[in-house]
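Here's a quick tour of a protein chain for anyone new to reading structures. Take a look at the sequence and the 3D view, then come back for the notes.

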Amino acid sequence: MDRYFQMRQHGLFEANVPRYTSYPPANHFAGDVTPEIHRAWLAAIPAGSKVSLYLHVPFCRRLCWFCACRTQGMQSEGPVVAYTDTLIQEIQSLSSILPQGVEIAKLHWGGGTPTLLKASEMTRLAAAIRGSIRVSDSVEFSVEIDPNEIDDARLDALAAAGMRRASIGVQDFDPEIQKIIGREQSFEVTRSAVEGLRARGVSSLNTDLLYGLPRQTQERITASMQMLLSLNPDRVALYGYAHVPWMAKRQSLIPIEDLPAPEARLALFETAEEILRWDGYSRIGIDHFARPNDTLAEAERQGRLRRNFQGYTDDTCDVLIGVGASSISKFPQGFVQNTASTANYQRAVRAGDLPTGRGHVLTKDDILRSEIIEQLMCGFGYDLRKINPAQRAKVAPILDDLARAYDGHVTRTETGVRILEASTPLTRIIARHIDAYTSTQSASHSSAI
Ligand code: SF4
C-alpha cells in the first residue's frame, strides 16, 4: 500500500497535534499552581544542584507576519530598559529563595528578540545574573540572535558575558517568500552575523529553516538549504510553518491560497532532509539535524537526548527556571508559567511577588506518560529495560495498545516499541495516543506535518 495513503489513514495530513515540548502541553496549564507552590518548588531545589535558566525578552522591533510567538512591537528603548530592570529584580528575588549553592549550568536568552537590548544593557543584565546566582565555570550560555538586530558592540558584549552558543532564525532565503511572510533578511546580513559570532568564539551555531511557507517549492527550499549550509551551521532545526491565524492574528496577512498542501509540506521536509543527510548531518528527533561531532548528535547516540521548550537539547538538569513574562519553569513537581502580560508581570515583580501565572502539578500518571512521549519524540521508541519491574507492569499495556493502534507503523518487541523509519512523520500523532489530555483542544496545535 502507498506510504502516503497509509499515513493519511492516521490523519497525517489533517491532524493538529501538540509539539510535545512539554507533557502535558502548555495549553493544559491552569491556575492550580499558586505563588506559594511556585515558591515551595524553588525552595525545594536540592542545595548545590545545577539548574538551567531561560530568560525571555518579549519585544521585537518588527512583528514578522509568520511568527506565532507572543511578542510585542517596540517603538522606543524605554520599555526595554524598564523590562530589563524588572528581569534583574526577578532574578534577585529568585536568588533569595534558592537554596545555597544552586548553580546555573545552562543559560539561554530567548524571545522575542533578546538582541534588542543595547550592549550596555546586555552587560548589566549578565552582571546581575552572575551577581545574584552562582554561574558554573563551564556554563553553556546561548543567545537567540536576530541578524537584523545585532552589531559589533552587542556581539562584543555577549562574547564578554560568556556566550558560546547562538541560534539564528533564517526561515527561507527566497526574497519573494520573505516578502510574503513579512520577514526580510538578506543572505549577506545573515552571513555577517554568522561571521561575527564565529570570530568571537561561538563554537556551536544553530539555525532554523521553515518548510511549508507560502509559495515554497522543492527548488526554492533546495536553494535556501544550500545557502544555509554554505554558512556551515552545527545544527539545523527544520520546523514546519504553523498557520494558526486564530491564535496569531498577524498570520491573516499571509494568503492562505499560497500555502502548500499537506502532501507538499511532507515533500518539502523530505527534500530538505535529504540535502542535510548528503551534507553529513545526522537527524535528531523529528525536526533537528546536527553535525556528527556536535553535542546534540552525541547526546542522541548515547540516548541522552531530551526535549524541552526550545526543542531538542542535551540539557540534563532536572530544573529549568524561566525568567521574564510568559517564561515557563520546569520542576520535578510540575510546571509554572509566569504571567504572560508584560504589564502584569512587571507589576508583580515590582511588588516583590513571584509573577506566577498558571501551571500544572504533575501526577504519577503524567510523569509516566511524559517519559514515554519524550522517548518517542527523541528516539522513536521506548525501551522497557530502562525502568523497574513495577513501572514495566504499568507501561507494557500502554505499549501493547499503541502497537495495536499503529499496526504497520510501530513494532512491539519484548523490550519495548519502535516507530518504523518510514513512519517517523507520524511520530507526533503516535505520541498523542499516549496523551491522556489528548486532542480536545486541537485548534491550539499545529499541523502534524
Ligand atoms: S520571528 Fe523573531 S523578530 Fe519576528 S516577530 Fe517572531 S520573535 Fe519577533
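## The chain in brief

The chain exposes about 18500 Å², and carbon and sulfur atoms supply 51% of that area. Keep in mind that you're looking at a predicted model. The notes below start with the whole chain, go on to its domains, and then zoom in on a handful of residues.

**Overall build**

- Let's start with the secondary structure: the chain has 14 helices and 21 strands.
- What radius of gyration does the chain have, and what would a compact globule with 449 residues have? The chain comes out at 21 Å, which agrees with the value near 22 Å for a compact globule.
- If you drew a box along the principal axes, the C-alpha atoms would fill roughly 60 × 55 × 40 Å.
- Of the 449 residues in the chain, 56% are buried.
- Take the contacts between residues at least 6 apart in sequence: 72% of them join residues at least 24 apart.
- On the charge side, there are 49 positive and 52 negative side chains. The centres of these two sets lie 3 Å apart.

**Two domains**

- The domain assignment splits the chain into domain 1, covering 19–361, and domain 2, covering 364–447.
- How many residues does each domain bring to the contact? Domain 1 puts in 24 residues, and domain 2 puts in 27 residues.
- Measuring from C-alpha centre to C-alpha centre, domain 1 and domain 2 lie 27 Å apart.

**Phe 173 and its neighbours**

- You'll find Phe 173 in the loop between strand 7 (163–171) and helix 6 (175–180).
- Is Phe 173 buried or exposed? Its relative accessible area is 7%, so Phe 173 is buried, as the cut-off for buried is under 20%.
- Ser 224 is 51 residues away from Phe 173 along the chain, yet their C-alpha atoms are separated by 5.3 Å.
- Leaving out residues up to four places away in sequence, Phe 173 touches Gln 178, Gln 185, Phe 187, Thr 190, Ser 224, Met 227, Leu 228 and Leu 231.

**Gly 169, in strand 7**

- Gly 169 sits in strand 7, and at 14% relative accessibility it counts as buried.
- Which residues does Gly 169 touch, not counting residues up to four places away in sequence? They are Ile 145, Pro 147, Arg 183, Gln 185 and Asp 208.
- Gln 185 is on this list, and Phe 173 touches Gln 185 too.
- Now try a pair that is far apart in sequence: Gly 169 and Val 336 are 167 residues apart along the chain, and 27 Å separates their C-alpha atoms.

**Val 417, in strand 20**

- Val 417 belongs to strand 20 (residues 416–419).
- With a relative accessible area of 6%, Val 417 is buried.
- Setting aside neighbours within four places in sequence, Val 417 is in contact with Leu 376, Gly 381, Tyr 382, Leu 399, Leu 402, Val 410, Thr 411 and Arg 412.
- Val 417 and Glu 103 are 314 residues apart in sequence, and their C-alpha atoms are 37 Å apart in space.

**Backbone oddities to look up**

- Where are the cis peptide bonds described here? One joins Tyr 23 and Pro 24, with omega about 0°, and another joins Gly 111 and Gly 112, with omega about 25°.
- Pro 24 has its place in the loop between strand 1 (16–17) and helix 2 (35–43).
- Gly 112 lies in the loop between strand 5 (103–111) and helix 4 (119–132).
- Tyr 20 is found in the loop between strand 1 and helix 2. Tyr 20 isn't a glycine, but it has a positive phi of about 50°.
- Tyr 20 is also buried, with a relative accessible area of 4%.
- Phe 380 has a positive phi as well, about 60°, although it is not a glycine.
- To spot Phe 380, go to the loop between helix 12 (364–379) and strand 18 (381–383). Phe 380 is buried, with 13% relative accessible area.

Technical notes. Residues numbered from 1 in each chain as written. Predicted model: local features only at pLDDT ≥ 70, side-chain atom pairs only at ≥ 80, totals over all residues. Heavy atoms only, no water. Helix = DSSP H or I, 4+ residues; strand = E, 2+ residues; numbered from the N terminus. Rg over C-alpha atoms; globule rule 2.2 N^0.38 Å. Buried < 20%, exposed > 50% of the residue type's maximum accessible area, 1.4 Å probe, protein only. Contact = heavy atoms within 4.5 Å. Areas by Shrake-Rupley, 256 points an atom, 1.4 Å probe, with all protein chains shown as cover. Lys, Arg positive; Asp, Glu negative; His and termini not counted. Charge placed at Lys NZ, Arg CZ, Asp CG, Glu CD. Domains from an automatic or database assignment.
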